[in-house]
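Open the model in your viewer and keep the selection tool handy. We will go from one selection to the next and say what is there.

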Amino acid sequence: MSETTTSGRFDVMALAAALPADAKAMIVDHYIADRATASARVFRVLKPVPAHYHETCDEFLYVLSGRARFWLGDPADEAEVGPGQLLVFDRRTVHAIPRLLEEPFTVLSIDAPRRAPTDITFVDPKDGTAADFMARNAEGE
């Protein structure tokens with residue numbers, strides 16, 4: 001890991017708007033900060049995301065734009081989320097985005113401690129791998 005040590009002001013909405021509308025992955029993101037203690041990033045969900053969890057971090061997701069169906073912990077908890085809503089959950093909490101309702105669905109994510117790009121476990125391994133889940137640059141690669 002190469003720690004980002006930049007401090008400053010960031011135009012989160014501009015960073016979100018610059019994310020591509022298409023990629024091979026389920027989401028495309030841009031890391032704003034990537035430190036051992038926490039990571040901050042903006043991401044755009046490009047297609048439904050099956051049930052999964054992250055082993056190493058707690059997540060704080062603030063919806064910037066769009067609308068989607070989201071559940072955490074239990075599929076019966078599925079509800080619509082949209083701009084201004086904050087989702088908070090602990091590591092190993094299973095969650096999913098089974099349906100996109102309005103695009104672009106973009107999120108500001110704070111992960112503590114840092115979430116490595118490879119930290120994703122799909123409940124059903126046939127649903128994908130870390131490479132299927134996230135593209136880490138503005139070109140969607």
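Start by selecting Arg92 in this predicted model. With a relative accessibility of 49%, Arg92 counts as partly exposed, because that class lies between 20% and 50%. Now add Glu55: the two side chains form a salt bridge, 2.6 Å from N to O. The pair joins distant parts of the chain, with Arg92 in the loop between β6 and β7 and Glu55 in the loop between β3 (49-53) and β4, 37 residues apart. Glu55 is partly exposed too, at 33% relative accessible area.

Next, pick Arg91, which is partly exposed with a relative accessible area of 29%. Its side chain meets that of Asp58 in a salt bridge of 3.3 Å, N to O. Here a loop is linked to a strand: Arg91 sits between β6 and β7, while Asp58 belongs to β4, 33 residues apart.

Where do the partners of the next salt bridge lie, buried or exposed? Select Arg114 and Asp34, whose side chains meet at 2.5 Å, N to O. Arg114 is in the loop between β7 and β8 (121-122) and Asp34 is in strand β1, 80 residues apart. Both Arg114 and Asp34 turn out to be buried.

For a linked group, choose Asp29, Arg41 and Asp111, which form a network of salt bridges. A search of the whole structure finds 7 salt bridges. As background, side chains of opposite charge can pair when their charged atoms come close.

Now hide the charged residues and turn to the nonpolar interior. The largest nonpolar core has 21 residues, and those with the most contacts inside it are Ile27, Val45, Ile97, Phe105 and Phe133. Colour β1 (27-34), β2 (39-45), β4 (58-72), β6 (86-89) and β7 (95-112) to see the elements that give two or more residues to this core. A second, separate core has 13 residues, including Ala16, Leu19, Ala40 and Val42.

Zoom in on Ile97. Leaving out residues up to four places away in sequence, Ile97 touches Val45, Pro48, Val49, Ala68, Arg69, Phe70 and Phe105.

Then move along to Arg99 in strand β7. Arg99 is partly exposed, with a relative accessible area of 46%. With residues up to four places away in sequence again left out, Arg99 touches Ala68 and Arg69. If you like a distance check, draw a line from Arg99 to Gln85: they are 14 residues apart in sequence and 17 Å apart in space, C-alpha to C-alpha.

Switch to a surface view and select Phe60, Tyr62, Leu86, Val88 and Ile110, which make a nonpolar surface patch of about 420 Å². The elements that supply two or more residues to the patch are β4 and β6. Ile110 is found in strand β7 and is partly exposed, at 33% relative accessible area.

Finally, zoom out to the whole chain. How many helices and strands does the protein have? There are 2 helices and 9 strands, in the order α-β-β-β-β-β-β-β-β-α-β along the sequence. The C-alpha trace spans about 40 × 30 × 25 Å along its principal axes. The radius of gyration is 14 Å, which agrees with the value near 14 Å for a compact globule of 141 residues. Buried residues make up 44% of the 141. The accessible surface comes to about 7200 Å², of which 52% belongs to carbon and sulfur atoms.

Terms used:
Residues are numbered from 1 along each chain as its sequence is written. This is a predicted model: local features need pLDDT of at least 70, side-chain atom pairs count only at pLDDT 80 or more; totals for chains, interfaces and linings use all residues. Side-chain values use heavy atoms; hydrogens and water are left out. A nonpolar core is a set of buried Ala, Val, Leu, Ile, Met, Phe, Trp, Tyr and Cys residues joined through side-chain atoms within 4.5 Å. Buried means under 20% relative accessible area, exposed over 50%, partly exposed in between (1.4 Å probe, protein chains only). Helices (H or I, at least four residues) and strands (E, at least two) are DSSP runs, numbered from the N terminus. Contact means heavy atoms within 4.5 Å. Patches are made of residues with over 30% relative accessible area and no salt bridge: like charges are joined within 9 Å, nonpolar side chains (Val, Leu, Ile, Met, Phe, Trp, Tyr) within 5 Å. Accessible areas come from the Shrake-Rupley method with a 1.4 Å probe; for residues, only the protein chains shown count as cover. A salt bridge is a side-chain nitrogen of Lys or Arg within 4 Å of a carboxyl oxygen of Asp or Glu. The radius of gyration is taken over C-alpha atoms; the globule rule is 2.2 Å times the number of residues to the power 0.38.
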